[in-house]
Amino acid sequence: MNTYKEKAFQFIDNHRDEMVTLWQELVSMESGSQHKPGIDAVADKIRQILAGEGAVTKIIEIEKAGNMVVGEVGSDRNKPQVLFLGHMDTVFPVGTIEKRPFTIKEGIAYGPGVLDMKGGIVAALYAIKALQAAGYKARPLKMILAGDEEIGHVHSNAAELLMAEAQGAAAAFNCETGFPDDAIVVGRKGSVQFELAVKGVAVHAGNEPENGRSAILEISHKVIDIQNLTNWDQGTTYNVGVIQGGTVPNAVPGWANIIIDVRYLDPVLLPDIRSQLQEVAAKTYVQGTTSTIAEIPGIAPMKTTAGVNELFVKVRQTYEEMGLGTPYAKLVGGGSDSAYSVMAGVPTVCAMGVKGGRNHSPEEFAIVETLFERAKLLAACTINLDA
């Protein structure tokens, strides 16, 4: 085995307890997407860790969302850098940690964000630490963590900032949620959301129902129309995931709204998606109702480029070299910031973080042993870029 790899692997084995302690600490720092103080505290913690490895670090202040942290070790090295990507925000509101604190039972870790993606952050940090301890000096090692990925950077320009920071890199490893079946993500659908609101006429349901105009009835027709827009062959799916309306049972509802989640494979499809939904909004089933639609920006698709495929081959070779089996390439519907590193021209593989399941749910879990396995994999893949 390569001497750098031996030393890096030994470092990780010698710091297993320390890695789990940091994992617990980060999970216990609540950082839901709407909780800027918590995200910013995580960013500062990570900045301090990277600075301790000699990294040039910075916090990019974001006014209406969690901050971004960037740190680069070995910026004076000659070859293009290696990126470690991820996000610090979770989907869980403040108070969740009190109900579901970080725990480990029979080799499985639980807690809000334990999988998505506090574990991946720890794996990446210790890959960098291990490479430094091993004396690796071939390429700069750069970590970029966003603070609002889970909400699609709707209140920030983090996507543009990430693309600027990624320019010129040789490879990017996004330490998002890993899959227990050893899938490595080489492509992701983009996501965009729309809010459709209907205004009707509210009246007493008993005294004058004939004068009412039901917003709920109108929007019910529209829900069916929207769901029927799904095009499985094209890979475009429409999901009405939230519906609200009315006030009390004995009143014809004067308002209703829905939020629509759309997943798509190629940015060129976006104009058609917008047009189809505008047509649904413009159509009227219940005369006297009016509808409006507004777009909520999401995350762009991660396209599967030749560079992405070549990097996957390198990851697969490293996997097999380490005796971890043979991973396979996967396209998934969930978005990630890998979209933007690919858009910046950087070969990227995603889902390189800790393995587990049920992320975004109260049952979210991560397999503890894979914390160490993935840290080693990240270190070995970095070394193998020059093999």
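# Helix crossings, sheets and an aromatic pair

Trainee: Met-117 has its place in helix α5; what is omega for the peptide bond from Asp-116 to Met-117?

Mentor: The model is a predicted one, in which local features need pLDDT of at least 70, side-chain atom pairs count only at pLDDT 80 or more, and totals for chains, interfaces and linings use all residues. Residues are numbered from 1 along each chain as its sequence is written, and side-chain values use heavy atoms, with hydrogens and water left out. Helices (H or I, at least four residues) and strands (E, at least two) are DSSP runs, numbered from the N terminus. The bond that leads from Asp-116 into Met-117 is cis, its omega being near -5 degrees.

Trainee: How is α1 oriented relative to α5?

Mentor: Two packed helices are described by the angle between their axes and by the distance between the axes. Here the axes of α1 (residues 3–14) and α5 come within 8 Å and cross at roughly 125 degrees, where axes are lines fitted to C-alpha atoms, for helices over the stretch in contact, and angles run from 0 to 180 degrees between N-to-C directions. Angles under 35 degrees count as roughly parallel, over 145 as roughly antiparallel, 65 to 115 as roughly perpendicular and the rest as oblique. The angle therefore makes the relation of α1 to α5 oblique.

Trainee: How many nonpolar residues are in the contact of α1 with α5?

Mentor: Contact means heavy atoms within 4.5 Å, and on that basis Ala-8, Phe-11 and Ile-12 of α1 meet Tyr-126, Lys-129, Ala-130 and Ala-133 of α5. For the classes, Ala, Val, Leu, Ile, Met, Phe, Trp, Tyr, Cys and Pro count as nonpolar, Asp, Glu, Lys and Arg as charged, and the others, Gly among them, as polar. The contact of α1 with α5 then has one charged residue and no polar ones, while the number of nonpolar residues is six.

Trainee: At about what angle does α5 run to β16?

Mentor: Strands of a sheet pair through backbone hydrogen bonds, either parallel or antiparallel. An open sheet of four strands, with antiparallel pairing, has the order β4-β5-β16-β15, two strands counting as paired if DSSP finds at least two bridges between them. Within this sheet, β5 (residues 108–110) pairs with β16 (residues 365–367) over three bridges, with Ile-108 having Ile-367 as its bridge partner in β16. Helix α5 (residues 114–133) lies across β5, β15 and β16, and its angle to β16 is about 40 degrees.

Trainee: Which strands are the edge strands of the sheet with the order β10-β11-β9-β12?

Mentor: This open sheet of four strands has antiparallel pairing, and seven bridges join β9 (residues 190–199) to β12, with Ala-197 opposite Thr-292 in β12. An edge strand here pairs on one side only, and the two that do so are β10 (237–245) and β12 (290–296).

Trainee: Helix α7 lies across β9, β10, β11 and β12; how is α7 oriented relative to α8?

Mentor: The axes of α7 (residues 215–227) and α8 (residues 270–282) come within 10 Å and cross at roughly 160 degrees. Lys-222, Asp-225 and Ile-226 of α7 make the contact with Leu-277, Val-280 and Ala-281 of α8, a set that divides into four nonpolar, no polar and two charged residues. The relation of α7 to α8 is therefore roughly antiparallel.

Trainee: Is the crossing in which α9 passes α11 left-handed or right-handed?

Mentor: The axes of α9 (residues 306–321) and α11 (residues 369–384) come within 9 Å and cross at roughly 120 degrees, and the two helices are therefore oblique to each other. A crossing is left-handed if the near helix is turned anticlockwise from the far one by less than a right angle, and right-handed if clockwise. The crossing of α9 and α11 is right-handed.

Trainee: Is the ring pair of Phe-84 and Phe-173 stacked, edge-to-face or tilted?

Mentor: The structure holds four aromatic pairs, where rings of Phe, Tyr and Trp (its six-membered ring) pair if their centres lie within 6.5 Å, and planes under 30 degrees apart count as stacked, over 60 as edge-to-face and the rest as tilted. Phe-84 in β3 (residues 82–87) and Phe-173 in β7 (residues 171–174) are 89 residues apart, linking distant parts of the chain. Their ring centres are 6.2 Å apart and their planes stand at 35 degrees, so the pair is tilted.
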